[in-house]
Amino acid sequence: MLTLDLRSDTLTKPSTGMREAMYAAPLGDDVFGEDPTVNALELKIATLFGKEAALFCPSGTMTNQIAIRLHTGPQKEVICHQHSHIYLYEGGGIMANSMASVKLLTGDLGKITASQVAESINPDDVHAPETTLVSLENTMNKGGGSIYTLDEVRPIQALCQEKGLKLHLDGARLFNALVETGDAPAAWGNLFDTISICLSKGLGCPIGSVLLGSKVDIKRARKVRKVFGGGMRQAGFLAAAGIYALDHQVARLKEDHQRARTLGEFLVKAPHVVEVLPVATNIVIARLEGISPEAYLQALISKGIKGVKFGKDLVRFVTHLDFVDDHLEEFGKQISRS
Ligand SMILES: *Cc1c(COP(=O)(O)O)cnc(C)c1O
């Protein structure tokens, strides 16, 4: 039986073209700064976003955690949405890696506003941790792949600048947002001190994320990466996949979004589904009634469909490079009978 694995967009396998690019990559020792392919990837993506420098890392957790380490520390505080990946899904790293405190905000579709941030900056008071960082997520995973607009971010950036706070973007799926909005990457690069981008999600690489920032920040980040155990040697194999993805697998993200919208339409009509969150990109979140997510997902497995539980009555499906139109049609057939 065909298995439609929609648990995540991390499940893709490198395409033939990507494998060929990996095989052919010139290599060196990246801890010595001598891997030409890693250097080329870092330069390429930094330039694209109008940032001075970039750092290739094994995971998006590492790039986020390095940024948090750069911008916080003991007795400092980061402001973010309560459903942020940096808080929920990075193993308590804000505390474990940076010994920092976190202030969690609420907001529709996983997004926060400048006025909420303004109210959440701690006073200069002996009792309070010092607020030093605001972190946003775009697209917002828990918000159903929701998108921040530049107009929503600009006032947050202006506030951070005024108050001397750093601004970080968890842009694990930033390219998904960019292909939808048509925003120039540099417009985003311009607003943030640091940006983390995953190559291993919709872009279809086997491994890798990049952290973008100023020369000074990325030099410091390189040291933090080393102490986190993320200094890799002939990593050009992996960086070559990233370069290939940037050249060949960005525009096609639009197809994932189109399929996600259709998938959402199938789900709305399916038994047990009472609501589908607005589908902005490649993430589809459905609310169930009369059945637990566990039981629902178990029943789907026998129909060849895999998703994940995403809350007490929620399930999530993510479209990706290896989910094509035939699969979508099959999903529609199977889900209507669930
Ligand atoms: C996947 C993801 C990350 C990083 O995850 P890794 O698995 O460590 O690469 C960070 N933020 C968001 C929103 C993500 O979806």
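Me: Is E255 buried, partly exposed or exposed in this structure?

Reply: In this predicted model, E255 has a relative accessibility of 39% and therefore counts as partly exposed, since that class lies between the 20% limit for buried and the 50% limit for exposed.

Me: Which residue forms a salt bridge with E255, and how should I read such a contact?

Reply: The general idea is that side chains of opposite charge can pair when their charged atoms come close. Here the partner of E255 is R259, and the closest N and O atoms of the two are 3.4 Å apart. Both residues belong to helix α12, which covers residues 253-269, and because they are 4 residues apart there, about one helical turn separates them. R259 is buried, with a relative accessible area of 10%, whereas E255 is partly exposed. Through salt bridges that share partners, E255 and R259 are joined with D325 into one network.

Me: How many salt bridges does the model hold, and which parts of the chain does the pair of R173 and D9 link?

Reply: The count comes to 19 salt bridges. In one of them the side chains of R173 and D9 meet, at 2.8 Å from N to O. This pair links distant parts of the chain, as R173 sits in the loop between β6 (166-171) and α8 (174-181), while D9 sits in the loop between β1 (4-5) and α1 (16-24), 164 residues apart.

Me: Why do R173 and D9 count as buried?

Reply: A residue is called buried when its relative accessible area is under 20%. R173 counts as buried because its relative accessibility is 5%, and D9 counts as buried because its value is 0%.

Me: What does the salt bridge between R233 and D29 tie together?

Reply: R233 and D29 form a salt bridge in which the closest N and O atoms are 3.2 Å apart. R233 lies in the loop between α10 (215-227) and α11 (236-248), and D29 lies in the loop between α1 and α2 (36-48), so the pair ties together parts that are 204 residues apart in sequence. As for exposure, R233 is partly exposed at 39% relative accessibility, whereas D29 is buried, with a relative accessible area of 17%.

Me: Which residues form a nonpolar patch on the surface?

Reply: The patch on the surface is formed by Y87, L88, Y89 and L104, which together have about 330 Å² of accessible area. One of these residues, L104, is placed in strand β4, residues 101-105, and L104 counts as partly exposed because its relative accessibility is 33%.

Key
Residues numbered from 1 in each chain as written. Predicted model: local features only at pLDDT ≥ 70, side-chain atom pairs only at ≥ 80, totals over all residues. Heavy atoms only, no water. Salt bridge = Lys/Arg side-chain N within 4 Å of Asp/Glu carboxyl O. Helix = DSSP H or I, 4+ residues; strand = E, 2+ residues; numbered from the N terminus. Buried < 20%, exposed > 50% of the residue type's maximum accessible area, 1.4 Å probe, protein only. Patch = residues over 30% accessible without salt bridge, like charges linked within 9 Å, V, L, I, M, F, W, Y side chains within 5 Å. Areas by Shrake-Rupley, 256 points an atom, 1.4 Å probe, with all protein chains shown as cover.
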